[in-house]
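The following exercises are to be worked with the sequence and the model side by side. Each task is followed by a solution in steps.

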Amino acid sequence: MAYQNTFKRYELKYLLTRAQQKAIMQAMEPYMIPDKYGRSVIRNLYFDTHHYRLIRHSIEKPVYKEKLRLRSYGLIGEDGEAFVELKKKYDHIVYKRRLTMPQSKALSWLAGDSSLSPACQIGQEIEYFRNYYEDLHPTVFLSYARQAFYSPDSNGFRVTFDDDILCRQTELSLSKEPGGTPLLPEDTILMEIKTAGGIPLWMTHFLTDNGIFKTSFSKYGTAYEKLIFPQLSMYNISF
């Protein structure tokens, strides 16, 4: 199956109640259709240094930031297909580069086995990133249930809804079931608008008329603040 491996787009985030989500989904019906995966549980392993250099820099809200993760769309085995994703954000624009490979091979590569680096441009970029940060390793397992929709008439316009966002620092494998610390209140949904250009007028009008405004929310950043940082503070660890 062919996958898109490069992305350049804006990603706008909104925190909604379930009632607001229902209203938006009704407004979307004439314009958008569900993607082929329907509602799926996405699993992620976020990689960072032992000093959490990547996420500590990210939560300072710099002009440029970057992250590395391993992702699967559903439960996979050790040799199941996973996505190695290098995600960068500069001046509000998100750039994502990704490769597909078996989970076991990806983990070995990212742990330091350069012989497994794919011989392609994206592979070289990820290999450079891995070498630059040196001690990268999985730090957080983060999962959520996602519903995704796209517009057949607007190039690249997508809307996703994420709920049941959970994180943990144990069982760091895409072959494990979701579970961990919730990152959002029970009645809260994370909506993301992903677009290479503007937002359609019907969506702009709906958001304005209903007083729904974009917010800043990072899943990994929130996991660091709710789960990781309190543990570091407990043991008086500082960097």
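**Exercise 1. Strand pairing**

Task: Identify the residue that stands opposite Asn44, and state how the strands concerned pair.

Solution. Asn44 stands opposite Arg71 in strand 3. (Strands, E, at least two residues, and helices, H or I, at least four, are DSSP runs numbered from the N terminus.) The model is a predicted one, in which local features need pLDDT of at least 70 and side-chain atom pairs count only at pLDDT 80 or more, while totals for chains, interfaces and linings use all residues. Residues are numbered from 1 along each chain as its sequence is written, and side-chain values use heavy atoms, with hydrogens and water left out.

Strand 2 and strand 3 run antiparallel to each other, joined by six bridges; strands count as paired if DSSP finds at least two bridges between them. Strand 2 also pairs with strand 6 (residues 137-150), again in the antiparallel sense, over twelve bridges. In that strand, Tyr150 is the bridge partner of Ile33.

**Exercise 2. The buried side of helix 3**

Task: Determine which residues of helix 3 are buried and where they lie around the axis.

Solution. In helix 3 (residues 103-110), the buried residues are Gln103, Ala106, Trp109 and Leu110. Buried means under 20% relative accessible area, exposed over 50%, and partly exposed in between (1.4 Å probe, protein chains only). Viewed down the axis of helix 3, the buried residues fall within an arc of 130 degrees, so they line one face of the helix. The arc is that of the directions from the helix axis to the C-beta atoms.

The cover over these residues includes strand 2 (33-48), strand 3 (64-73), strand 4 (81-90), strand 5 (93-102) and helix 4 (121-133). After helix 3 comes Gly112, with a positive phi near 130 degrees.

**Exercise 3. Val84 and the largest nonpolar core**

Task: Locate Val84, and describe the core in which it has many of its contacts.

Solution. Val84 belongs to strand 4. Val84 is buried, with a relative accessible area of 0%. Beyond residues up to four places away in sequence, Val84 touches a set that includes Leu68, Leu70, Trp109, Leu110 and Ile126, contact being heavy atoms within 4.5 Å.

The largest nonpolar core has 21 residues, and Val84 is among those with the most contacts inside it. Such a core is a set of buried Ala, Val, Leu, Ile, Met, Phe, Trp, Tyr and Cys residues joined through side-chain atoms within 4.5 Å. Strands 2, 3, 4 and 5 and helices 3 and 4 each supply at least two residues of this core. Helix 4 gives the most, with four residues. A second, separate core of 19 residues includes Tyr46, Tyr52, Tyr144 and Leu227.

**Exercise 4. Salt bridges of strand 4**

Task: Which salt bridges do Lys87 and Glu85 form?

Solution. A salt bridge is a side-chain nitrogen of Lys or Arg within 4 Å of a carboxyl oxygen of Asp or Glu, and the structure holds 17 of them. Lys87 is joined to Glu11, the closest N and O atoms being 3.0 Å apart. This pair links distant parts of the chain, with Lys87 in strand 4 and Glu11 in strand 1, 76 residues apart. Lys87 is buried at 15% relative accessible area, as is Glu11 at 8%.

Glu85 forms its salt bridge with Arg71, with a closest N to O distance of 4.0 Å. Glu85 lies in strand 4 and Arg71 in strand 3, so the pair ties together parts 14 residues apart in sequence. Glu85 is buried, with 0% relative accessible area, and Arg71 counts as buried at 3%.
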